[in-house]
Amino acid sequence: MDLDAVRTFVAAADAGQFQVAAGALSITQQAVSKRVAALEKDLDVRLFTRTPRGVQLTVDGQAFLPHARELLRVADRADASVRPGRRALRVDVHSRRTAPAVLLQDFHRTHPRIELDVVTLDADVHAAIAAVEAGTVDATFHAVAVPARQLPAAIRTARVIDEHHELLVGPRHALADAPAVTPAQLAEHRIWMPGMAAGTEWASYYDELAAAFGLTIDRAGPVFGNEALLAEIAESPDLATLAGERTRYLWPDSYDLRRIPVRDPAPVYPMSLIWRDDNRHPGLTTLRDHLAARRADAPHTEVWTPTRYEGQGLRPCRTGTPGVAAVRTSRSRTAT
């Protein structure tokens, strides 16, 4: 069905005159008559009765009018779904509890008129990049570790997040009242990260962190989820967890958990925004500017980052969920 003819029919029905409809559509009155006549021929009914004062809908015209309006609404929605600036900006945050999701929510508060579609792709970094390249998502967040020349030609990245670590401990832990801890202090503890698969983005990061500060990482043990791990930490005098500074966790008040900054130096997990350079969505440009400004405004502290993450415009390795690392004192070598 010719949507221009349908749009002309609706305009004529609303105006009651072909001349007025022609003015509203910026076409001639003759064009209005031809479009309506073609639509009537296509439907094999009369839609209007011509009168000295204009036109009136026939019974068939009255029956067709609500469906014609719905056709135009569907056409407008279809157009908006793909037109840059009219459809929602679709961004993958991998996990809704970590820094990218927190910063994206901050972006929404600052730019509420930019519609967002926040998704969590269940994919490693290669699949996430492929999704950006294919246009399944407009952007994604991952750490980057190899030169930009090894990226697909259309892919661009910019480092936008330096996520600091915090030590999360229960009230009976030896460090519970410390205002801050250093990586050197953690060298006296066993870092327990059950279920963290070798070769993932986070495993590679923690391997380099361990090598830099003499830490021991224990990946043994089943995974029962963050809620179960937090419950164990709350009850234990020697368990702790490393979490991102902006990672969101909820627990009962009775747990009395404490979040303690890791400093001197502060290990940071670097994440980049990844997008296609030919993506014309105006919201993407605004998001990039917003994230760049937030990073520029961050307080300057002594930080540690693995050497493979030091550059800008790099490509991620493989990725896993930005997870929780449990720290065990050297006095206890087995899981509780």
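Student: How much space lies in the largest pocket?

Tutor: In this predicted model, the largest pocket holds about 650 Å³ of space.

Student: What makes a residue part of the lining, and which residues lie nearest the centre of the largest pocket?

Tutor: A lining residue has an atom within 4 Å of a point of the pocket. For the largest pocket, 25 residues line the space, and Asp-162, His-164, Ala-298, Pro-299 and Thr-301 lie nearest its centre.

Student: Which element supplies the largest share of that lining?

Tutor: Strand E6 does, with seven residues. Both E6 (155–169) and helix H10 (282–296) supply at least two residues of the lining. By class, the lining of the largest pocket has 10 nonpolar, four polar and 11 charged residues.

Student: Why are helices H1 and H2 called oblique to each other?

Tutor: The axes of H1 (residues 3–15) and H2 (residues 18–25) cross at roughly 125 degrees and come within 8 Å. Angles over 145 degrees count as roughly antiparallel and those from 65 to 115 as roughly perpendicular. The angle of H1 and H2 falls in neither range, and the two helices are therefore oblique. Their crossing is right-handed.

Student: Which residues make the contact of H1 with H2?

Tutor: Arg-7, Thr-8, Ala-11, Ala-12 and Ala-15 of H1 meet Phe-18, Val-20, Ala-21 and Leu-25 of H2. Seven residues of this contact are nonpolar, one is polar and one is charged.

Student: What makes H1 oblique to helix H4?

Tutor: H1 and H4 (residues 59–82) pack at about 125 degrees, with their axes 9 Å apart. The ranges for roughly perpendicular, 65 to 115, and roughly antiparallel, over 145, do not include that angle, so H1 is oblique to H4. The crossing of H1 and H4 is left-handed. Among the residues in contact are Val-6, Phe-9 and Val-10 of H1 and Phe-64, Leu-65 and Leu-72 of H4. The contact of H1 with H4 divides into 11 nonpolar, one polar and four charged residues.

Student: What is the form of the peptide bond from Asp-264 to Pro-265, and where is Pro-265 found?

Tutor: The bond is cis, with omega near -5 degrees. Pro-265 lies in the loop between strand E10 (258–261) and strand E11 (266–276).

Student: Why are a cis bond and a positive phi worth noting?

Tutor: Most peptide bonds are trans, and most residues other than glycine have a negative phi. Ser-26, a residue other than glycine, has a positive phi, near 60 degrees. Ser-26 is in the loop between H2 and helix H3 (29–43).

Definitions and conventions: Residues are numbered from 1 along each chain as its sequence is written. This is a predicted model: local features need pLDDT of at least 70, side-chain atom pairs count only at pLDDT 80 or more; totals for chains, interfaces and linings use all residues. Side-chain values use heavy atoms; hydrogens and water are left out. On a 1 Å grid over the protein atoms alone, a cavity is a set of points where a 1.4 Å probe fits but cannot get out, and a pocket is an open set with protein on both sides within 12 Å along at least five of seven lines; lining residues have an atom within 4 Å of a point. Grid points are joined across faces, edges and corners, and a volume is the space filled by probe spheres set on the points. Helices (H or I, at least four residues) and strands (E, at least two) are DSSP runs, numbered from the N terminus. Ala, Val, Leu, Ile, Met, Phe, Trp, Tyr, Cys and Pro count as nonpolar, Asp, Glu, Lys and Arg as charged, and the others, Gly among them, as polar. Axes are lines fitted to C-alpha atoms, for helices over the stretch in contact, and angles run from 0 to 180 degrees between N-to-C directions. Angles under 35 degrees count as roughly parallel, over 145 as roughly antiparallel, 65 to 115 as roughly perpendicular and the rest as oblique. A crossing is left-handed if the near helix is turned anticlockwise from the far one by less than a right angle, and right-handed if clockwise. Contact means heavy atoms within 4.5 Å.
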